[in-house]
Amino acid sequence: MSTTRIPSPAGRFRRLAAGLLAGAALVVLVGCSGPEAAQTERPAPPIPAAAAPAATAPLAASVPERLQVPSIGVASGPLVKLGLTADGALEVPADATTVGWFGLGPTPGATGPAVLAAHVDYGGVPGTFTRLSAVAVGDEIRVARADGTTALFTTYRVAQYAKSAFPTEEVYGDTPGAELRLITCGGAFDGATRSYADNVVVYARLTGTV
């Protein structure tokens, strides 16, 4: 991975992700590599401009503690901090139900794309993100933070990408406001390699706090 010095946390995250293009950025979760497939996006009508919630100004950095996605029944336990392995791959949660936050990126609610990852399934157990692809545009996502605030995000896009066509810059690149990415495996399961072909990515922006 690149060790280039960069001036901002969001920029640092983007460059780290770019350095992981052939590894963790494509294979977000262990066992998620698979055959090449076309990049697709699940159809979802956009929220009318007049009804779309306005983005909220970014918050100060604060470590995330728990995640809620009410529309798919997710109410996580404590989040774990994910880093990089010795060979430059993204660490992943150790079990099916834990959600991890990529600690080298922004905290949820701060400027830039914070990333939370969890398994779709693991060891024969349904994962916390087993229904992530069912999230719809307009759905609310809540992240409780260590400073006592809960950052509210509104989904604006849900996409599915082949591992060989994962858009690193689009997912991990700098954003002017506070955004969130939820990532898991998806697509066809390859029994020979015991891995999935794709990644599912939910894109959301900060629209409030409680």
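**Exercise 1. How many bridges join S5 to strand S10 (residues 178-190), and do the two run parallel or antiparallel?**

*Solution.* The model used in these exercises is a predicted one. Beginning with the pair itself, one finds that six bridges join S5 to strand S10, and that the two strands run parallel. A particular place to look is Gly112, which stands opposite Ala178 in S10.

The next step is to set this pair in its sheet, which is an open one of nine strands in the order S2-S1-S8-S9-S11-S10-S5-S4-S3, with mixed pairing. At the edges of this sheet are strand S2 (74-75) and strand S3 (80-82), each of which pairs on one side only.

The last step is to place the sheet in the chain, whose secondary structure comes to two helices and 11 strands. Along the sequence these elements follow the pattern α-β-β-β-β-β-β-β-β-β-α-β-β.

**Exercise 2. Describe the pairing of strand S8 (residues 140-145) on both sides, and then say which of its residues lie on the covered face.**

*Solution.* On one side, four bridges join S8 to strand S1 (residues 64-69), and these two strands run antiparallel; within this pairing, Arg66 stands opposite Ala144 in S8.

With strand S9 (residues 150-162), S8 pairs in the antiparallel sense over five bridges, and here Val143 has Ala151 of S9 as its bridge partner. S8 and S9 also form a hairpin with four residues between them, and Gly148 in the turn has a positive phi of about 95°.

For the faces, it helps to recall that in a regular strand the side chains alternate between the two faces of the sheet. In S8 the covered face holds Ile141, Val143 and Arg145, whereas the uncovered face holds Glu140, Arg142 and Ala144.

**Exercise 3. Which residues have the most contacts inside the largest nonpolar core, and which elements give two or more residues to this core?**

*Solution.* As background, nonpolar side chains tend to be buried together in soluble globular proteins. In this model the largest nonpolar core has 25 residues, and those with the most contacts inside it are Leu67, Leu116, Ile141, Leu180 and Leu182.

Turning to the elements, two or more residues of this core come from each of S1, S5, S8, S9, S10 and strand S11 (195-209), with S11 giving the largest share, four residues.

Leu180 can serve as an example of the contacts made by one of these residues: when neighbours within four places in sequence are left aside, the residues in contact with Leu180 include Leu116, Ile141, Val143, Phe153 and Tyr203. A second, separate core has 10 residues, among them Ala159, Tyr161, Phe166 and Val171.

As for the chain as a whole, 47% of its 210 residues count as buried.

**Exercise 4. What does the aromatic pair of Tyr156 and Tyr203 tie together, and is each of these two residues buried or partly exposed?**

*Solution.* The structure holds four aromatic pairs. In the one formed by Tyr156 and Tyr203, the rings are 6.0 Å apart centre to centre with 45° between the planes, so the pair counts as tilted, a term kept for angles that are neither under 30 degrees nor over 60. Because Tyr156 lies in strand S9 and Tyr203 in strand S11, the pair ties together parts that are 47 residues apart in sequence.

The burial of the two residues is then judged against a cut-off of 20% relative accessible area, under which a residue counts as buried. Tyr156, with a relative accessible area of 28%, is partly exposed, whereas Tyr203, at 1%, counts as buried.

Charged side chains are placed over both rings: the charged end of Arg205 sits over the ring of Tyr156, 4.0 Å from its centre, while Arg157 lies over the face of Tyr203, at 4.9 Å from the ring centre. Elsewhere, ring pairs link Tyr161, Phe166 and Tyr172 into a cluster.

**Exercise 5. Where does Gly103 lie, and which residues does Gly103 touch, not counting those up to four places away in sequence?**

*Solution.* Gly103 lies in the loop between strand S4 (100-102) and strand S5 (112-117). With 18% relative accessibility, Gly103 counts as buried.

Not counting residues up to four places away in sequence, Gly103 touches Lys81 and Leu82. From Gly103 to Leu84 the distance is 9.3 Å, C-alpha to C-alpha, although 19 residues separate them in sequence.

Technical notes: Residues are numbered from 1 along each chain as its sequence is written. This is a predicted model: local features need pLDDT of at least 70, side-chain atom pairs count only at pLDDT 80 or more; totals for chains, interfaces and linings use all residues. Side-chain values use heavy atoms; hydrogens and water are left out. Buried means under 20% relative accessible area, exposed over 50%, partly exposed in between (1.4 Å probe, protein chains only). Contact means heavy atoms within 4.5 Å. Two strands pair if DSSP finds at least two bridges between them. A nonpolar core is a set of buried Ala, Val, Leu, Ile, Met, Phe, Trp, Tyr and Cys residues joined through side-chain atoms within 4.5 Å. Rings of Phe, Tyr and Trp (its six-membered ring) pair if their centres lie within 6.5 Å; planes under 30 degrees apart count as stacked, over 60 as edge-to-face and the rest as tilted. A charge sits over a ring if NZ of Lys or CZ of Arg is within 6 Å of the ring centre and within 35 degrees of the ring normal.
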